Amino acid sequence: MSDVNARIGEIVNSNDIVLFMKGTPLFPQCGFSSRAIAILEHLAVPYETVDVLQDMEIRQGIKGFSEWPTIPQLYIKGEFVGGSDIMMEMYEAGELHQLITESGIAAQG
């Protein structure tokens, strides 16, 4: 395992929900990242983000780590869920909320 894969693995496994995105939750740098943040905010769950624009190794490494070519990327309890389109489909079908609930992650007040 490469150093970048080890770093990504540590981030993914140490957070219940983590979104690798372009920008920050307050200042997303692409529409897809903005949509992903809006979904997580609407679900009112605690999450962490990683701004891939601040670390080129992570930006390239995350694509190989997940075998998914685009960013953002959502991980729940260490498992890759998908990008913003998959998040939106799952959200609209109620599946994302169900996955989060079944993972034992509680919404915030």
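**Strand β1**

I started with β1 in this predicted model. I wanted to know which residues of β1 are buried on each side. Ile17, Leu19 and Met21 are buried on one side, and Val18 and Phe20 are buried on the other. Both faces of β1 are therefore covered. The count agrees: 5 of its 5 residues are buried. I noted the general rule here: side chains in a regular strand alternate between the two faces of the sheet.

**Partners of β1**

Next I looked up the neighbours of β1. Which way does β2 run relative to β1, parallel or antiparallel? The two strands run parallel, joined by 4 bridges. I picked out Val18, whose bridge partner in β2 is Glu48.

Then I turned to β3. This strand pairs with β1 in the antiparallel sense, over 4 bridges. I logged two residue pairs. Ile17 has Ile76 of β3 as its bridge partner. Phe20 stands opposite Gln73. So far, β1 has a parallel link to β2 and an antiparallel one to β3.

**Strand β3 and the hairpin**

I checked the side chains of β3. Gln73 and Tyr75 point one way, while Leu74 and Ile76 point the other way. All four are buried.

Which strand does β3 join through 3 bridges? That strand is β4, and the pair runs antiparallel. I noted one bridge pair here: Leu74 with Gly82 of β4. β3 and β4 form a hairpin, with 2 residues between them.

I looked at the turn next. Lys77 lies in the loop between β3 and β4. Its phi is near 50°, a positive value in a residue other than glycine. I then asked how covered Lys77 is, and found 42% relative accessibility. With buried set at under 20% and exposed at over 50%, Lys77 counts as partly exposed.

**The loop before β3**

I went back along the chain to the loop between α3 (56–66) and β3. Pro72 is found there. The peptide bond between Ile71 and Pro72 is cis, with omega about 20°.

**Another positive phi**

I also looked up Ala44. This residue sits in the loop between α2 and β2 (48–51). Phi of Ala44 is near 55°, again positive in a residue other than glycine. The relative accessible area of Ala44 is 28%, so this residue is partly exposed.

**Helix α4**

Which residues of α4 are buried? In this helix, residues 84–93, I listed Ser84, Met87, Met88 and Met90. I then checked what the buried residues pack against. The strands are β1 (17–21), β3 (73–76) and β4 (79–82). The helices are α2 (31–43) and α5 (95–102).

I followed Met88, which belongs to α4. Leaving aside neighbours within four places in sequence, Met88 is in contact with Arg35 and Ile39. I also took the separation from Met88 to Ile76, 12 residues apart along the chain. Their C-alpha atoms are separated by 15 Å.

What comes just after α4? I found Gly94 there, with a positive phi of about 80°.

**The whole chain**

I finished with the overall picture. The chain has 5 helices and 4 strands. Along the sequence the pattern reads α-β-α-β-α-β-β-α-α. The radius of gyration is 13 Å, close to the 13 Å that the globule rule gives for 109 residues, so the chain is as compact as a globular protein of that length. Along the principal axes, the C-alpha atoms fill a box of roughly 35 × 25 × 25 Å.

I then checked burial over the whole chain. Of the 109 residues, 39% count as buried. The accessible surface comes to about 6000 Å². Carbon and sulfur atoms account for 51% of that surface.

How far apart in sequence are the residues that contacts join? Among contacts between residues at least 6 apart, 63% join residues at least 24 apart.

My last entry was on charge. I noted 6 positive and 15 negative side chains. The centres of the two sets lie 7 Å apart.

Technical notes:
Residues are numbered from 1 along each chain as its sequence is written. This is a predicted model: local features need pLDDT of at least 70, side-chain atom pairs count only at pLDDT 80 or more; totals for chains, interfaces and linings use all residues. Side-chain values use heavy atoms; hydrogens and water are left out. The radius of gyration is taken over C-alpha atoms; the globule rule is 2.2 Å times the number of residues to the power 0.38. Buried means under 20% relative accessible area, exposed over 50%, partly exposed in between (1.4 Å probe, protein chains only). Contact means heavy atoms within 4.5 Å. Accessible areas come from the Shrake-Rupley method with a 1.4 Å probe; for residues, only the protein chains shown count as cover. Lys and Arg count as positive and Asp and Glu as negative; His and the chain ends are not counted. The place of a charge is taken as NZ of Lys, CZ of Arg, CG of Asp or CD of Glu. Two strands pair if DSSP finds at least two bridges between them.
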